Amino acid sequence: MSDLSNLRIWREHDLKGLMPWYLAVADNRAPAKFRIAGRVPVAVALDAPEEALWVELEARMPQFLDLWNSIRGGRGELPAGLAVPVNLVDLCREIAYRMLAHCNFCRYDCQVDRSEGARLGTCKLAADSRVSTYFHHRGEELVYRGTTGSGTIFFTSCNRRCAFCQNGDISTDKDNGRPVSARTLATMAWLLRMEGCHNINWVGGEVTIHLHTIVDAISQLEDLSPTRDDLAAALPGKADYHFGFPLNPRFAQYRGAFNALMLWNSNFFMSAPAMKLLRILMDVWLPDFKFGPGRCAPLLSKTPFYWETVTENLKLIHDWGEDFTIRHLVMPNHVECCTAPVLKWVAEHMPDAPVNIMDQYHPDNFCDPGHAKFNEKYRDLARRATREEIRQAFRYGKELGIRFESLSYEKNSTGLRL
Ligand code: SF4
């Protein structure tokens with residue numbers, strides 16, 4: 001077992017036995033899903049109409065799921081050799097680019113042609129994806145940062161407008177960072193994994209709006225061998241470049257080919273078609289579930305359809321038997337309207353789901369009274385959550401039987417426990 005699997009946190013009562021696929025792929029005891037999907041051939045020309053591509057994807061899903069389930073159940077093995085010539089990952093890549101031309105990556109369903117960029121949707125992006133920075137993240141939950149860090153790639157821009165955004169420098173400035181090609185993105189992921197990161201953590205801003213570039217990058221990973229030019233393109237954005245982490249294929253191989261666990265770290269506002277692609281490519285999910293079903297999402301993040309979209313996507317990954325943990329940020333003055341209904345919904349629909357009830361809210365972006373952008377209408381959010389508010393959130397978690405203690409207490413900045 002690796003250092004990650006040996007962490008004591010996996011023996012805590014609320015995490016014991018959970019996330020076996022995550023650990024198996026992180027440890028290279030199992031192939032990542034993208035490698036399994038690479039063994040599933042498709043029988044459609046990739047220049048066929050988009051509708052035909054979707055029909056083929058639906059037709060191949062049972063084969064993919066059978067193979068995945070047999071491997072994760074210990075009954076089957078990844079077929080020998082490299083990916084087959086035209087496979088399910090190639091199909092996902094092609095579909096993602098078709099979607100870009102009438103963008104429906106997220107629930108906004110803007111239907112703008114981002115490949116042309118003449119009209120932009122809510123995220124204000126054309127086809128380019130920009131990476132703000134990437135590095136071994138030592139600040140994620142212990143189950144993700146482990147001993148060597150979470151290989152985190154931060155994309156710029158977002159499809160939501162949270163007034164208090166805790167990553168406002170990245171999410172609100174769409175021109176932050178540098179544009180990256182899919183090949184450069186693949187090289188970034190390759191570097192992080194070869195340096196020993198437990199996972200490739202796709203995050204923003206918001207990642208969904210970069211779906212095409214991410215799927216394309218993943219499609220290049222299995223046999224990627226970065227050239228000097230690839231490295232020259234990727235390295236300038238690497239925040240921990242000067243640490244000089246050695247590259248070691250032992251960290252990044254399953255049966256002789258590149259292997260890396262894919263982590264979708266997202267606001268979970270994806271569209272149903274995007275979820276279909278991600279099901280094939282993501283090994284573990286890290287959804288953010290912030291607002292209750294009332295007016296808080298439209299008022300504080302200008303997001304309609306919030307509750308129904310996020311809960312629907314959460315139900316999907318739960319029904320699909322995926323590994324995931326949920327994040328909920330406790331916001332000042334929002335324990336009753338947001339924290340309580342969020343935790344109640346989790347308890348009712350997926351009581352086994354681990355939840356990180358986060359206490360690190362700080363006033364930022366339009367809610368920071370010390371900043372020129374501060375807007376008086378967000379005065380209620382212009383402070384940290386009180387100790388009593390955090391305690392009340394934990395009390396709700398406890399009363400509802402939520403699995404929150406291990407994830408929340410080790411990350412807890414206030415040091416509060418119940
Ligand atoms: S990613 Fe979402 S917000 Fe951006 S154009 Fe596509 S559907 Fe609209």
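This passage looks at the pockets and the ligand site of the structure.

The model is predicted, with local features needing pLDDT of at least 70 and side-chain atom pairs counted only at pLDDT 80 or more, while totals for chains, interfaces and linings use all residues. Numbering runs from 1 along each chain as its sequence is written, and side-chain values use heavy atoms, with hydrogens and water left out.

The ligand sits in the largest cavity (a set of points on a 1 Å grid over the protein atoms alone where a 1.4 Å probe fits but cannot get out; sitting there takes more than half of the ligand's atoms within 2 Å of the grid points). Around the ligand, with a heavy atom within 4 Å, are residues including Cys-103, Cys-106, Cys-110, Cys-123, Asp-109, Arg-114 and Ile-209. This shell splits into 7 nonpolar, 2 polar and 2 charged residues.

As for pockets (open sets with protein on both sides within 12 Å along at least five of seven lines, lined by residues with an atom within 4 Å of a point), the largest has a volume of about 1,100 Å³, taken as the space filled by probe spheres set on the points. Its lining counts 46 residues, with Cys-165, Gln-166, Asn-167, Gly-205 and Lys-290 nearest the centre. Both domain 1 (3-288) and domain 2 (324-418) supply at least three residues each to this lining, the bounds coming from an automatic or database domain assignment. By class, the lining holds 14 nonpolar, 18 polar and 14 charged residues.

The second largest pocket comes in at about 250 Å³. Its lining has 14 residues, and Ser-2, Ala-26, His-198, Arg-250 and Phe-251 lie nearest the centre.

Definitions and conventions
Nonpolar A, V, L, I, M, F, W, Y, C, P; charged D, E, K, R; others polar.
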